[in-house]
Structures are given as structure tokens and as C-alpha cells.
Amino acid sequence: MEISLLAMDLDGTALLEDHKTFTPRLYAALSAAARKGVAIVPATGRQYAMLPPAVHTGADWENLCVLCNGGEVRRLHTGELLEVHYIEAETAGQIVEIAARMGLSVELSAGGLLYLTRESWDMQREHEDVLCFHLNNILTTRGRTVSALEEVLNQPELALDKVNLPYIPEALRAEVEALLKNAPVSFAWSSPHSVEITHSQATKANGMLTACRILGVDPACTMAIGDSGNDIPMLRAAALGVAMGNATREVKDAADAVTASNMEDGAAIAIERYILGCSRPL
């Protein structure tokens with residue numbers, strides 16, 4: 001199969017544990033794929049303002065990106081919006097009410113910021129052992145405290161890309177999932193404890209297909225790499241879905257192939273094998 005577009009997750013897939021950098025081997029593989037004419041499309045749950053330095057190097061392959069689990073498709077260099085699927089304020093309000101009833105922390109993601117109440121901050125600090133990176137590297141720079149989330153939801157022209165439930169106890173997981181399945185939204189487990197909720201049309205799969213349409217690529221010539229629950233729709237939609245070695249069993253089961261972990265250059269190995277035609281052992 002000739003691959004013309006690679007949709008590549010970032011955290012847990014392309015990025016190292018610092019959540020900022022690629023390995024030299026991955027940079028080399030991406031550059032070689034681009035020279036072959038393959039479009040490289042990072043596909044992430046992050047907002048544009050939270051993209052890591054690894055995708056802002058000026059490399060030839062940097063073109064489009066899928067953000068907010070498919071809520072946005074932008075140009076990497078300029079941030080130009082090409083397609084959006086923002087979650088409606090009324091729908092987000094329903095999710096906020098559900099979270100309040102269940103005693104869960106909730107964040108509203110919009111405009112490069114995360115809005116949450118002081119109570120939500122405190123709830124997350126109770127689980128700092130699990131949420132350490134989120135608390136120390138994201139909320140410290142992008143978090144904004146509000147007295148009530150309705151203040152955000154009532155803003156005119158709100159571009160609400162996601163609602164995050166950053167920590168859900170295992171005992172509540174099934175109940176939360178059942179409630180979300182009956183709501184007019186898309187949702188995905190970005191970690192064993194965290195759910196990201198978006199517009200019903202906002203998935204990484206739809207973002208990848210939008211990139212195909214913009215770039216004139218046949219979806220039958222696509223490859224996707226990922227490690228988390230929010231990557232599953234994209235892995236299934238791609239002609240070739242590759243799960244990382246550090247992925248959960250559910251993600252691996254949704255993929256056509258499994259590569260090594262992100263700390264073992266799994267993304268680079270997959271590109272070398274399936275796009276560049278190299279046959280190094282996994």
C-alpha cells in the first residue's frame with residue numbers, strides 16, 4: 001500500500017516523556033517521508049497554543065494539524081483555521097451539570113485557555129500523583145480560575161473546543177460513559193482517568209479526513225499512529241492504523257499493527273517500515 005498521508009498523535013506517540021521533543025530518528029523519518037511526498041499531519045487533543053516545540057521547527061513537512069481531537073484543523077505555521085467543530089454552550093452546560101452532580105472536576109477549553117473553578121483546582125490537587133503533568137505544566141500556564149463556569153458559557157462568540165473531565169474515579173467510569181453515550185457529543189478517554197468531550201463531529205478520524213480533502217489525498221492511502229482512546233476512531237478510519245507499544249489493550253485491538261513504545265522510537269520504526277520500506281526489526 002502506498003501511503004500519502006500520515007496522521008500522527010503527539011503525546012505518548014511522537015513525543016518523548018518530556019511532552020516536548022521528538023527523537024532525532026523520528027525527525028529523520030518524518031523528513032524522509034515528506035521527501036517521498038507524504039503529508040504529515042499531527043493529530044492531537046491539544047489546543048494550538050499548547051503545541052510543543054517539536055512541531056514548530058520550520059521543517060518542510062509542517063503543514064496541517066488536527067487539534068482538540070478534531071475540533072479544529074489549522075495550518076501549523078500560521079494558525080489559520082480551516083475547519084471547526086466547536087461544542088455548543090448549551091451542550092457544554094449539560095456536561096457541567098452532570099459533573100457537578102457526580103462531584104467531578106471539570107474544565108472548559110477555549111481560546112488557548114482552560115477555565116475551571118477553585119473547587120475543580122482543589123479536586124485535581126487531591127489526585128496530584130496522577131495529574132502531576134497536567135497540574136504543573138498545563139494549568140500553571142493555561143489555567144484560569146472563574147467563580148462559576150456559567151461566566152464562560154455565557155460569553156458571546158465562545159469558541160469552546162472541549163470540555164475536560166480530568167479525573168474520574170474507576171468506580172464512576174461506567175456511569176460517566178453511559179451518560180455521555182446518551183449526550184449529543186463525541187468523547188474519548190485520553191488516559192485511564194480522563195475524558196475529553198467535543199462536538200459530535202469532532203473526532204481525530206474526521207479531522208484526518210478533512211486534511212485528506214484539503215490536500216487532495218485518497219483516504220485509502222492513509223496511515224495513523226496513536227496510543228490513547230482518543231486515537232481509536234482515527235486508527236480505525238485510516239487504511240493502516242498502528243498502535244504504539246505503550247498503548248492500552250483497547251487501542252491495540254483497534255489497530256492493524258503494533259509498533260514499539262514512544263520511548264523506543266516506535267513512531268519512527270512504523271514510518272520506516274510502512275512508509276519508507278525499511279525492515280529494521282521492532
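**Exercise 1.** Leaving aside neighbours within four places in sequence, which residues is T23 in contact with?

*Before you start.* You're working with a predicted model, where local features need pLDDT of at least 70, side-chain atom pairs count only at pLDDT 80 or more, and totals for chains, interfaces and linings use all residues. Residues are numbered from 1 along each chain as its sequence is written, and side-chain values use heavy atoms, with hydrogens and water left out.

*Solution.*
- Start by placing T23: it's in the loop between α1 (10-14) and α2 (24-35). Helices (H or I, at least four residues) and strands (E, at least two) are DSSP runs, numbered from the N terminus.
- Next, look for heavy atoms within 4.5 Å, the cut-off for contact. With those neighbours set aside, you get L16 and D265.
- Then check accessibility: T23 has a relative accessible area of 13%, so it is buried. Here buried means under 20% relative accessible area, exposed over 50%, and partly exposed in between (1.4 Å probe, protein chains only).
- One more pair to look at: T23 and A54 sit 31 residues apart in sequence, with 9.5 Å from C-alpha to C-alpha.

**Exercise 2.** Work out the surroundings of S261 in the loop between β14 (257-258) and α11 (266-274).

*Solution.*
- Accessibility goes first: S261 counts as buried because its relative accessibility is 12%.
- Now the side chain: S261 makes a polar contact with the side chain of E264 at 3.0 Å. That term takes a pair of N or O atoms within 3.5 Å; within protein, one must be able to donate a hydrogen and the other to accept it, and residues adjacent in sequence count only if both atoms are side-chain atoms.
- Finally, not counting residues up to four places away in sequence, S261 touches M244, G245, N246 and G266.

**Exercise 3.** Trace the open sheet of six strands and find what packs on it.

*Solution.*
- Write down the order, β8-β7-β6-β9-β11-β10, with mixed pairing. Two strands pair if DSSP finds at least two bridges between them.
- Pick the edges: β8 (143-145) and β10 (185-191) each pair on one side only.
- From one strand to the next, the twist averages 25 degrees.
- Zoom in on β9 (residues 160-165) and β11 (residues 194-199), which run antiparallel and are joined by three bridges. L165 stands opposite V195 in β11.
- Last, helix α4 (residues 118-125) packs on the sheet, touching β6 (107-110), β7 (113-116) and β8, and its direction makes about 100 degrees with that of β7. Axes are lines fitted to C-alpha atoms, for helices over the stretch in contact, and angles run from 0 to 180 degrees between N-to-C directions.
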